[in-house]
Amino acid sequence: MAISAAEQTDMSGQPQRDRLRALPARYYVDEQVLAQEKERLFFRTWQYVCHVSALAKPGAYVTAEILGQKVFVVRTRSDEIKAFYNVCPHRGHQLLEGAGSKQAIVCPYHHWNFTLDGDLRRHRTASTSEAPELSEICLSPVRVDRMLDFIFVNLDPDALSIADFWPGAEEHIRTTCPDIESYTISTSATVIHSTDVAANWKIQVDNFLECQHCRHGHKSFSDMLDIPNQFHTLHENYAYNFIPSSGKADNLAYPLDPAHDVMDLHFWYLFPNLGFGQFAGPGNFSLSQWLPAGPDRATRISVSLEAAEPTDPGMADRRERRAAWARDVLQPEDIAFMESVHQGMYQRCFTQGWYIVDWENQELSESMVRHFHDHYLEHMGET
Ligand code: FES
Ligand SMILES: [Fe+2]
């Protein structure tokens with residue numbers, strides 16, 4: 001796939017050698033920055049809640065928390081998916097916990113009763129009570145949208161739709177991974193996997209967005225893939241990274257079957273804190289989301305889709321070998337890098353890093369990192 005001239009110059013049409021200083025260190029460690037990020041990024045962008053299979057029937061619901069803001073999504077009787085804040089308008093109690101199915105939403109505290117559409121159906125009154133009309137009160141709605149089979153919410157009522165905020169991303173994924181239609185949520189991942197890392201969430205995104213560290217930092221990964229011939233493209237609010245196969249079915253990472261497996265690797269990064277990926281191996285597609293737990297920690301949640309039907313007798317074993325390698329080799333290698341970088345942000349001499357940008361040798365290029373930081377500063381209202 002050719003890279004357009006615009007993309008080669010970070011979409012500006014001009015080489016940008018004057019833009020080689022990275023995001024200042026204080027953005028990675030400052031509590032006040034995190035408070036601004038909540039208001040300007042996390043409460044205004046699309047955040048993952050669940051796979052659509054968790055909302056298969058009317059009444060099915062899933063709760064979620066976005067940096068302390070509690071929400072739930074529910075399939076209504078008319079088969080719509082709606083989202084609401086998970087808080088009772090009476091006195092503020094939480095309405096639902098976990099995931100499950102309900103005929104109605106009944107607050108545990110004083111049993112106010114709401115329909116799946118969020119309308120108040122009953123509150124506890126007597127004929128002598130002074131009480132608000134039922135029609136005066138409803139649950140507070142939250143924007144909900146869907147990409148692929150993933151359900152997202154956005155706490156900003158004026159937010160662009162997913163199709164407008166990440167324009168072309170879903171189509172790009174569907175074209176690149178045409179088998180995704182046949183994948184189902186992994187049985188081993190019906191519960192979301194999460195990994196806590198002692199590094200700011202942006203350090204984790206930065207790490208996801210460059211492969212300059214791959215050849216020496218991920219030796220087995222680099223044996224399986226043709227690291228020098230990777231390329232990436234930059235888009236509005238998202239980026240795409242492709243790493244072709246090295247062609248080695250037997251490699252230092254895990255065994256592949258060229259007759260049945262995906263051999264290349266595809267990553268998408270969607271601003272601000274979402275990643276999608278298809279790895280070499282039996283049919284697969286994964287979602288990752290980085291959620292800060294303070295400036296110094298972030299949790300990466302991961303959900304995996306996989307081919308619903310076995311393609312060959314060895315598939316289950318290869319899938320297991322791939323998962324074990326990711327858990328025991330690749331992830332620890334990256335976590336060590338990220339946690340060290342986070343400590344670097346606290347060193348008195350380190351105020352700001354650097355980018356390498358190279359469109360001829362994209363293995364070396366940190367163009368996607370700069371692209372992320374550009375979007376980040378714009379949304380934070382800074383330049
Ligand atoms: S707080 Fe929910 S019914 Fe009172
Ligand atoms: Fe890495």
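**Close-up views of the predicted model**

**View 1. Loop residues with positive phi at His111 and Leu67.** His111 is placed in the loop between β7 (105-106) and β8 (113-114), where strands (E, at least two residues) and helices (H or I, at least four) are DSSP runs numbered from the N terminus. This is a predicted model, in which local features need pLDDT of at least 70 and side-chain atom pairs count only at pLDDT 80 or more, while totals for chains, interfaces and linings use all residues. Residues are numbered from 1 along each chain as its sequence is written, and chains are lettered from A and ligands numbered from 1 in the order in which they are written. Although His111 is not a glycine, its phi is positive, at about 65°, and with 11 other C-beta atoms within 10 Å His111 is exposed (12 or fewer such atoms, placed from the backbone, against 20 or more for buried and partly exposed in between). Leu67, in the loop between β3 (60-66) and β4 (69-75), is likewise not a glycine and has a positive phi of about 45°; with 16 C-beta neighbours inside 10 Å, Leu67 counts as partly exposed.

**View 2. The cis peptide bond before Pro272.** The bond from Phe271 to Pro272 is cis, with omega near 0°, and Pro272 is found in the loop between β16 and β17 (274-278).

**View 3. The largest nonpolar core.** This core, a set of buried Ala, Val, Leu, Ile, Met, Phe, Trp, Tyr and Cys residues joined through C-beta atoms within 7 Å, has 80 residues, and Phe72, Val73, Phe152, Trp268 and Tyr269 have the most contacts inside it. Strand β16 (residues 265-270) contributes the largest share of the core, five residues. Beyond its neighbours within four places in sequence, Phe72 is in contact (C-beta atoms, placed from the backbone, within 7 Å) with residues including Tyr61, Phe84 and Leu96.

**View 4. The contact between domain 1 and domain 2.** The domain assignment, which is automatic or from a database, gives domain 1 (5-44 + 179-379) and domain 2 (47-154). Their centres, taken over C-alpha atoms, are separated by 34 Å, and the contact takes eleven residues from domain 1 and nine residues from domain 2. On the side of domain 1 that touches domain 2, α2 (31-42) and β18 (284-292) each supply at least two residues, and β18 gives the most, with four residues.

Notes
Two residues are in contact if their C-beta atoms, placed from the backbone, lie within 7 Å.
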